[in-house]
Every structure is written in C-alpha cells, then in structure tokens.
Amino acid sequence: MVGVIKNIFVDNWDGFEELNRGNIRSIVYKEIKKMLNCGSLDIGYIEFKCEACGEIKKVGFRCKNRFCTSCGKKKSEDWSDEMVLRLVRTKHRHMVFTIPKEIRNYFGRNRKLLALLPQCAAQAIMSWFKDLNKKEGFTPGIVAVIHTFGRDLKWNPHVHLLVTEGGAGNFTVWRKVTHIHYESLRKR
C-alpha cells in the first residue's frame, strides 16, 4: 500500500519538476527519485518460495531514505531507540531555537551555515549552565537536531534540543536544575 504523501508525489512530481527545472537541488532530485522507486521490483528484490505449495513471492528492496514515509519512519524509530540507550538517566527538556525570519534565506543559499545552528544553540545552553557556578562549570547533556522546514512546510531552519535537567560539575557529580530561565537564553 502506497502512503498518502507518496501518492501526492507520484501524482504531481513530474509537473513540479517541469515547472522548477534548474531550481531543484540535485540531492533533492535524487532523494525524491529514490522514494518514488521504493519497493519497486525494478531496482531489485528478494524472492521467497513456499516449500509446500511452490508459490513464489517477490519483495522489492526498500530505499532506506529518511525522506520516504515508510523507510524514514523506521529510521527515525531506530535513531530514537539508540538515543534512549545513550541518554543520561535523568529528566530532559525539549527546547526549540529559531532564527529571525529576516536571515533565514542566508541559510537557504549557503546550507553549510546550517551546521552553525546546533553549535550556537548548544553554546547558549552551555554558557547558561556554566554561569550557575563558574567554579563548578556545570555541563548538561544535549542532543541537537536541525529541522529546515516548519509545520507549514515553509523554509524555517530551527534546532530541536533535548537538554538534561541538570549538569555535571567540576566538583559536584550532578546538580539538578528544574528551571532554565528563558530570558537568559534569549539574550545569549
């Protein structure tokens, strides 16, 4: 069964491609083509044969593309499972750092700049924790993930962070922190 999003691409990709010829980044073109061919027997398959009745079933190889609605979901679940094993066993906060609308296009024109976003967001958190006690220099656990589009699918680079509710110090094993001051982070 083909998903709704894949059906939208199947029905509209050729027209979209024609209208935007020359404006589609090669990586986007490549990933869309992979997703459209996901599970197709034309790109390879594995064959299963029932020993009892001789019936043969062919199952097409998956694209393993994070953009694909079926493969991407699996990839996301695998990543989540792996992260759970790596995270410090404490409560975490979900935070989102955005950039002003006026400078978003700079990141669109030079996508290498996107790598700065999680670094800057993490640095804002780290400096706030260090300022709790300069001698201790508390260090939180941080996982940062870049998203380049908002809920409305418009270009809106932002960073999602999982941040521990506490940090390790130079002398103190762990200091629990239940309140992270928004205004202090915003200024950073």
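## Contacts, salt bridges and cores in a predicted model

Leaving aside residues up to four places away in sequence, Asn 156 touches Arg 104, His 147, Thr 148, Phe 149 and Gly 150. The structure described here is a predicted model. Asn 156 lies in strand S5. Its relative accessible area is 18%, and because the limit for a buried residue is under 20%, Asn 156 is classed as buried. With one of the residues it touches, Arg 104, the contact is polar: the side chains of Asn 156 and Arg 104 make a polar contact at 3.3 Å.

**Salt bridges**

Side chains of opposite charge can pair when their charged atoms come close. Seven salt bridges are present in the structure. The table gives three of them, including the N to O distance of each pair.

| Basic residue | Acidic residue | N to O distance |
|---|---|---|
| Arg 93 | Glu 165 | 2.6 Å |
| Lys 134 | Asp 131 | 2.8 Å |
| Arg 188 | Asp 131 | 2.4 Å |

Which parts of the chain does the salt bridge between Arg 93 and Glu 165 tie together? Arg 93 belongs to strand S3 (residues 92–98), whereas Glu 165 sits in the loop between strand S5 (155–164) and strand S6 (166–167), so the pair joins parts that are 72 residues apart in sequence. The two partners differ in their exposure class: Arg 93 is partly exposed, at a relative accessible area of 28%, while Glu 165 is buried, at 10%.

Asp 131 takes part in two of the tabulated pairs, with Lys 134 and with Arg 188. Asp 131, Lys 134 and Arg 188 are accordingly described as linked in a network of salt bridges. The pair of Asp 131 and Arg 188 links distant parts of the chain, with Asp 131 in helix H5 (residues 116–132) and Arg 188 in the segment after helix H6 (182–187), 57 residues apart. As for accessibility within the network, Asp 131 counts as partly exposed at 42%, and Arg 188 also counts as partly exposed, at 40%. Lys 134, at 65% relative accessibility, counts as exposed.

**Helix H1**

Helix H1 covers residues 4–19. How far apart should the ends of its 16 residues be, at 1.5 Å a residue? The expected span is 22 Å, and the end C-alpha atoms are 22 Å apart, which agrees. H1 also bends, by about 55° at Asn 12.

The buried residues of H1 include Lys 6, Phe 9, Trp 13 and Glu 17. An α-helix has 3.6 residues a turn, so residues three or four places apart point the same way. Helix H2 (26–36) is among what covers the buried residues of H1.

**Nonpolar cores**

The largest nonpolar core contains 17 residues, of which Met 95, Phe 129 and Ile 180 touch the most other members. Two elements, H5 and S5, give two or more residues to this core. The largest share, five residues, comes from H5. Phe 129 touches Phe 138, Pro 140, Val 163, Thr 164, Gly 166, Gly 167, Val 177 and Ile 180, when residues up to four places away in sequence are not counted. Another core lies apart from the largest one; it has eight residues, among them Phe 9, Ile 32, Met 35 and Cys 38. Phe 9 is also one of the buried residues of H1.

**Strand S2 and the loop that follows**

Ile 56 is placed in strand S2 (residues 56–60). At 44% relative accessibility, Ile 56 counts as partly exposed. Not counting residues up to four places away in sequence, Ile 56 touches Glu 47, Phe 48 and Lys 49. The C-alpha atoms of Ile 56 and Lys 75 are separated by 29 Å, the two residues being 19 residues apart along the chain.

Lys 64 lies in the loop between S2 and helix H3 (69–86). Is Lys 64 buried or exposed? Its relative accessible area is 63%, and Lys 64 is exposed. Most residues other than glycine have a negative phi. Lys 64, however, has a phi near 55°, a positive value in a residue other than glycine.

Note on methods. Residues are numbered from 1 along each chain as its sequence is written. This is a predicted model: local features need pLDDT of at least 70, side-chain atom pairs count only at pLDDT 80 or more; totals for chains, interfaces and linings use all residues. Side-chain values use heavy atoms; hydrogens and water are left out. A salt bridge is a side-chain nitrogen of Lys or Arg within 4 Å of a carboxyl oxygen of Asp or Glu. Helices (H or I, at least four residues) and strands (E, at least two) are DSSP runs, numbered from the N terminus. Buried means under 20% relative accessible area, exposed over 50%, partly exposed in between (1.4 Å probe, protein chains only). A polar contact is a pair of N or O atoms within 3.5 Å; within protein, one must be able to donate a hydrogen and the other to accept it, and residues adjacent in sequence count only if both atoms are side-chain atoms. Contact means heavy atoms within 4.5 Å. The expected span of a helix is 1.5 Å times one less than its number of residues. The bend at a residue is the angle between axes fitted to the seven residues ending there and the seven starting there. A nonpolar core is a set of buried Ala, Val, Leu, Ile, Met, Phe, Trp, Tyr and Cys residues joined through side-chain atoms within 4.5 Å.
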